[in-house]
Amino acid sequence: MDAIDRNAQKAVDEVIYSDIGVNVLLERLKQSIASARDFAAFLKKRGAIEETHANDLKKACRATQEAVREQKARHGSYASHVEEALRINERVADNGSQFGLSLHQMHTDLIELSNNMDRGRKQMKQTGLAAEKKAQDAEALMDKAKAKYDSLAEEYDRVKTGDSSAGRKFGLKGPKSAAQHEEDLNRKVQAADADYFAKVQAAQAQRQELVTLLRPQTVNAILLLIREMDAGLTVQLAKFASFNEKLIADSGKLISPIPGANPGEPLRPSLKATIAKIDNERDFQQFIIGHTANIPARPADIKYIKHPTLVQAQPQPTPSAAPRQSLNMQTSQPPPSFAVQPPQSVAHPPQHYDQPTYVPDTRLQSQNSGYQQREPARTSPYSGQPQQPPYAPPNQPQQPPYAPPNQSQYQSPPYSISPAGQQRAPQVSGAALSNLPPIKPVFGVSLDELFRRDGTPVPLVVYQCIQAVDLFGLKVEGIYRISGTLPHIQAMKAQFNNDATKVDFRNPEAFHQDVNSVAGLLKMFFRELPDPLLTAEHYEEFLNAARIEDDTTRRDSMHAIINGLPDPNYATLRALILHLHRVVQHSMDNRMTSSNISICFAPTIMGPHHGPMQDAGNQARVVQTILDNAFQIFDDE
């Protein structure tokens, strides 16, 4: 082995001390610097990844800890041990953060070393190559002097031997004689010989200095730079391997501590042991027992007691009481808020509209009448059958299958019109309407408050706007995309804030025959809700569901979230989505596809978006998924 090493070193010395040695060493140093910079770039990226991962893990742990402490989450052994598991993950994140900082420091050290080596390389290149060039220039001058000397010597020899090919020379006074010509050439040869000799001596001296002094100095300096650069890179590689081992070992000790590893410190439970301590049955029992005090007192028995005033009265047959209806029950009667007073007598006989007018859609009416304050029957996201609530009244009537409203069946409202065909419903100027006092405000009031106050889960303004668009706007191009007239919208807003029961949009004069303003009024109502229709609480859940690629899984996930909405929100969302589905069915006329509708309504019913730009597209995807699966998500009664 030693003989091989000596032979290899001899071959190396033969190359590096030759005329190409300096260039070869400079190229090798350049490679070392490039390799160090490449690895430094890797360290920087890896460090950034580790720090980002650690920070994200810490944020996720803290957010989950806050969620675990909330009232809506499980408590007991689950909460305490899950928090301990999250703290273990936080400590793992701390290790990752420290690892990332170490990698950043290694990157800085390696970049600084490579920059120093690069400066040394440039200096050695300048001095070493300058010495090489100086010797080469001296040898070039020597070769040039030799060529001149050889040429004159040959010509002198030809003249001296009388060779006729040497030719004759002419001076200022005529042709020179052979003797004169020979004397001139002899003088030039002597001068060329002296110059050639001097150049040889100078080249020899320069070569000697280069080989014995300048080249060895340059070669040794470059070798030192190469070895320093390679050693520095090797040290950083060893540190990288050591830090990786330490990261994995420390994280492993946190997840599964080794007994006796830290004498004097209590042994922490492992992550697996911590999770195993969760007692589901005990937590369940404690939760149920905690509601013992809330059990309501009930009478000993239930019996019928007739009112004393009716004891002696003649019994009269009475119809059986109709069962209470939830959101999904039908009624043949329209909501009381939409009853139309008989028109005042007019000079002209009443006439009907040439165009069909509106008979309230019983599917919407059913939501605003007979409502009991419980959650409606909502379909399960994993089955096609609706889940009936436990409070549904007995003998609930069968629901007819869904059918879109048939405009040919709409009845004309009892408004009279003039012979010219103009409606004569009582009208008030827009300025006067805008100044109406807000006796029963509707805009800016939460859906829960509107329900408690008015008793209708679907607000009257939503019902009236849907009614108007169903009648007059389904074939209007750009409905819900084209803005209405602001004075008209403000006037109608004031009317609803004054008394919504006095508004009847079956009469187009009530909305200035501007159905785009009605669409704008509906969107304004949803925008001004204190809490969006889909609620801020479920906002992130909807976005996470929208990110699911599989269509069926995404639909079922959103179905489950929608079933968790408050009753007024669920009822209003159902009415709106079924209406927008009817709009989409007329997309050949109104140019409003489900995609266009979703873009228009996403920020309206979900609230303004403040996160990454890609989530704005997920907002529209939420609405489009609900709209495309309207009859799968909502029971179509």
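User: What makes arginine 554 count as buried in this model?

Analyst: Its relative accessible area is 8%. Buried means under 20%, so arginine 554 passes that test. Keep in mind that this is a predicted model, with every value computed from it.

User: And what makes aspartate 551 count as exposed?

Analyst: Aspartate 551 comes out at 51% relative accessibility. The cut-off for exposed is over 50%, so aspartate 551 lands in that class.

User: How do you know that arginine 554 and aspartate 551 form a salt bridge?

Analyst: Check the gap between their closest N and O atoms, which is 2.9 Å. A salt bridge needs a side-chain nitrogen of Lys or Arg within 4 Å of a carboxyl oxygen of Asp or Glu, so this pair fits. Both residues sit in helix 14 (residues 551–563), three residues apart, which is about one turn of the helix.

User: Which residues are joined into one network by salt bridges that share partners?

Analyst: That would be Asp19, Glu132, Glu139, Arg207 and Arg215. Over the whole structure, the count of salt bridges is 29.

User: How do you know that arginine 207 and aspartate 19 meet in a salt bridge?

Analyst: Their side chains come to 3.2 Å, N to O, and the rule asks for within 4 Å. Arginine 207 belongs to helix 4, while aspartate 19 is in the loop between helix 1 (2–16) and helix 2 (21–69), so their bridge ties together parts 188 residues apart in sequence.

User: Why are arginine 207 and aspartate 19 both called partly exposed?

Analyst: Partly exposed is the range between under 20% and over 50%. Arginine 207 has 23% relative accessibility, so that label applies. Aspartate 19 has 43%, so it applies there too.

User: How many residues separate glutamate 50 and arginine 46, and what does that amount to in helix 2?

Analyst: They are four residues apart, so about one helical turn lies between them. They also form a salt bridge, with the closest N and O atoms 3.0 Å apart.

User: Why is glutamate 50 called buried and arginine 46 partly exposed?

Analyst: Set each value against the 20% cut-off. Glutamate 50 has a relative accessible area of 13%, so glutamate 50 is buried. Arginine 46 has 21%, so arginine 46 counts as partly exposed.

User: How many aromatic pairs does the structure hold?

Analyst: Eleven. Take tyrosine 149 and tyrosine 196: the ring centres are 5.7 Å apart and the planes meet at 15°.

User: Why is that tyrosine pair called stacked?

Analyst: Centres within 6.5 Å make a pair, and planes under 30 degrees apart make it stacked. With 5.7 Å and 15°, tyrosine 149 and tyrosine 196 meet both conditions, so they are a stacked pair. The pair links distant parts of the chain, since tyrosine 149 is in helix 3 (residues 77–160) and tyrosine 196 in helix 4 (residues 178–255), 47 residues apart. Tyrosine 149 is partly exposed, at 22% relative accessibility.

User: Which residues form one aromatic cluster?

Analyst: Phe472, Phe496, Phe505 and Phe511.

User: Where does pLDDT stay under 50?

Analyst: Over residues 313–429. Where pLDDT is low, the predicted coordinates should not be read in detail. For the protein overall, pLDDT averages 79, and 76% of the residues score at least 70.

User: What does the protein contain in helices and strands?

Analyst: It has 19 helices and four strands. Of its 637 residues, 40% count as buried.

Methods: Residues are numbered from 1 along each chain as its sequence is written. This is a predicted model: local features need pLDDT of at least 70, side-chain atom pairs count only at pLDDT 80 or more; totals for chains, interfaces and linings use all residues. Side-chain values use heavy atoms; hydrogens and water are left out. pLDDT is the predictor's confidence in each residue, from 0 to 100. Contact means heavy atoms within 4.5 Å. Rings of Phe, Tyr and Trp (its six-membered ring) pair if their centres lie within 6.5 Å; planes under 30 degrees apart count as stacked, over 60 as edge-to-face and the rest as tilted. Helices (H or I, at least four residues) and strands (E, at least two) are DSSP runs, numbered from the N terminus. Buried means under 20% relative accessible area, exposed over 50%, partly exposed in between (1.4 Å probe, protein chains only).
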